[in-house]
Amino acid sequence: MEEIAGRYINPFTDYGFKYLFGTEPNKEFTLALVNELLRGKEVIKSLTLIPSEQLGDTKDDRRAVFDVYAENEHGEKIIIEMQKADQQYFKDRSVYYSSFPIRSQGERGRWRFGLKAVYTIGILDFVFDEDKDDEEYFHHVVKLMDINKKEVFYDNLTYIYLEMPKFRKTEAELESLLDKWLYALKNLPRLLERPAALQERIFKKFFDVAETANLSKEDYAKYFESEKAYYDLDGAFRTAAAKGMEKGLAKGRAEGRAEGLKKGRAEGEHEKALESARRMKADGMPAELIAKYTGLTVETINGL
């Protein structure tokens, strides 16, 4: 176990993120991070964690399982997802997930359809394909907009996406508390000491809680399995991407360099997703969780 686990928990692992931000003793970290992301809104004073599994209206409806699901003192709902891999329908899935807290507000009888705000926060370990060439733009805030007026049409539905690979600030460049939270999330797996720039009380507690040495034996075992799955997935991604790119490039030489590069990327992405899915399935990971990590359909995973 010691060969994988570092000093601090890797928040990009499924268990690690939920432990740090989705447990009752640690929800002050969630509150602090959310308040920085929603800066400009009224400061949230408290959060109540809600069971992360949400069921549909009938037993046959598809369910949703959030990484973190919470409600503030105003009854507004907050979904937080740590997403390892891009998916073909990632944005569709994100919008679909936001429909659960919207529909849950429906009341019987004479209801006026007044809705509390819903916030979906995606912490992404990948880059949107359409934004890959813009190295500076990583913090997306999305709302319903009137495209002619260029004004927000509806303010109670917000999607926030953070493309973490693009966040490259050094410790010396950190300015805001949000910068510090993103730096901590991005670098936590590699840190050996608490960064000198993060002196606020909340970070002292955060780093204490994030030390793998402070985990119980049971929590450490669960975290270890989650971290192993994370690095298996990462290794499979890199290997399969290289193989797929090589195969695509070889084929592309006959079809033109530009077309070959495009096909190489596509084949590499698909190949690495399949390879990762095989490994995760062999480790007994549920098909729905594999689909979340790889972007493949549950049907494809079941057929492997």
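A salt bridge is a side-chain nitrogen of Lys or Arg within 4 Å of a carboxyl oxygen of Asp or Glu. The model is predicted: local features need pLDDT of at least 70, side-chain atom pairs count only at pLDDT 80 or more, and totals for chains, interfaces and linings use all residues. Residues are numbered from 1 along each chain as its sequence is written, and side-chain values use heavy atoms, with hydrogens and water left out.

**Exercise 1. Salt bridges**

Task: Find the salt-bridge partner of arginine 39, and state whether each of the two residues is buried or exposed.

Solution.
- Step 1. The partner is glutamate 36; the closest N and O atoms are 2.7 Å apart.
- Step 2. Use the cut-offs: buried means under 20% relative accessible area, exposed over 50%, partly exposed in between (1.4 Å probe, protein chains only).
- Step 3. Arginine 39 has 61% relative accessibility, so it counts as exposed.
- Step 4. Glutamate 36 has 11%, so it counts as buried.

Task: Describe the salt bridge between lysine 222 and glutamate 218.

Solution.
- Step 1. Their side chains meet at 3.3 Å, N to O.
- Step 2. Both residues lie in helix H6 (residues 217–255), 4 residues apart, about one turn of the helix. Helices (H or I, at least four residues) and strands (E, at least two) are DSSP runs, numbered from the N terminus.
- Step 3. An α-helix has 3.6 residues a turn, so residues three or four places apart point the same way.
- Step 4. Lysine 222 is partly exposed at 40%, while glutamate 218 is exposed at 53%.

Task: Which residues are linked in a network of salt bridges?

Solution.
- Step 1. The structure holds 25 salt bridges.
- Step 2. A network of them links Asp14, Lys18, Asp67, Glu81, Arg93 and Lys292.

**Exercise 2. The sheet**

Task: Give the strand order of the open sheet of 6 strands, then name its edge strands.

Solution.
- Step 1. Two strands pair if DSSP finds at least two bridges between them.
- Step 2. The order is E1-E4-E5-E6-E8-E7, with mixed pairing.
- Step 3. Strand E1 (47–49) and E7 are the edges; each pairs on one side only.
- Step 4. Neighbouring strands are turned by 25 degrees against each other on average, direction ignored. Axes are lines fitted to C-alpha atoms, for helices over the stretch in contact, and angles run from 0 to 180 degrees between N-to-C directions.

Task: Work through the pairings of E5, E6, E7 and E8.

Solution.
- Step 1. E5 and E6 run parallel, joined by 7 bridges. Glutamine 83 has leucine 124 in E6 as its bridge partner.
- Step 2. Strand E6 (residues 118–124) pairs with strand E8 (residues 151–163) in the parallel sense, over 7 bridges. Here glycine 122 stands opposite tyrosine 161 in E8.
- Step 3. Strand E7 (residues 139–146) pairs with E8 in the antiparallel sense, over 8 bridges. Lysine 143 stands opposite threonine 158 in E8.
- Step 4. The hairpin of E7 and E8 has 4 residues between the strands, and in it lysine 150 takes a positive phi near 60 degrees.

**Exercise 3. Two buried polar residues**

Task: Locate histidine 140 and list its side-chain polar contacts with tyrosine 137 and glutamate 163.

Solution.
- Step 1. Histidine 140 is in strand E7. With 6% relative accessible area, it is buried.
- Step 2. A polar contact is a pair of N or O atoms within 3.5 Å; within protein, one must be able to donate a hydrogen and the other to accept it, and residues adjacent in sequence count only if both atoms are side-chain atoms.
- Step 3. The side chain of histidine 140 makes such a contact with that of tyrosine 137 at 3.4 Å, and with that of glutamate 163 at 2.7 Å.

Task: Where is lysine 84, and what does its side chain meet?

Solution.
- Step 1. Lysine 84 sits in the loop between strand E5 (77–83) and helix H3 (90–103).
- Step 2. Its relative accessibility is 8%, so it counts as buried.
- Step 3. Its side chain makes a polar contact of 3.1 Å with the side chain of aspartate 125.

**Exercise 4. Helix H1 and the core**

Task: How many residues of helix H1 are buried?

Solution.
- Step 1. H1 (residues 14–21) is mostly covered, with 6 of its 8 residues buried.
- Step 2. They are Asp14, Gly16, Phe17, Tyr19, Leu20 and Phe21.

Task: Which members of the largest nonpolar core touch the most other members?

Solution.
- Step 1. A nonpolar core is a set of buried Ala, Val, Leu, Ile, Met, Phe, Trp, Tyr and Cys residues joined through side-chain atoms within 4.5 Å.
- Step 2. Of its 51 residues, Leu20, Phe21, Ile123, Phe206 and Phe207 touch the most others.
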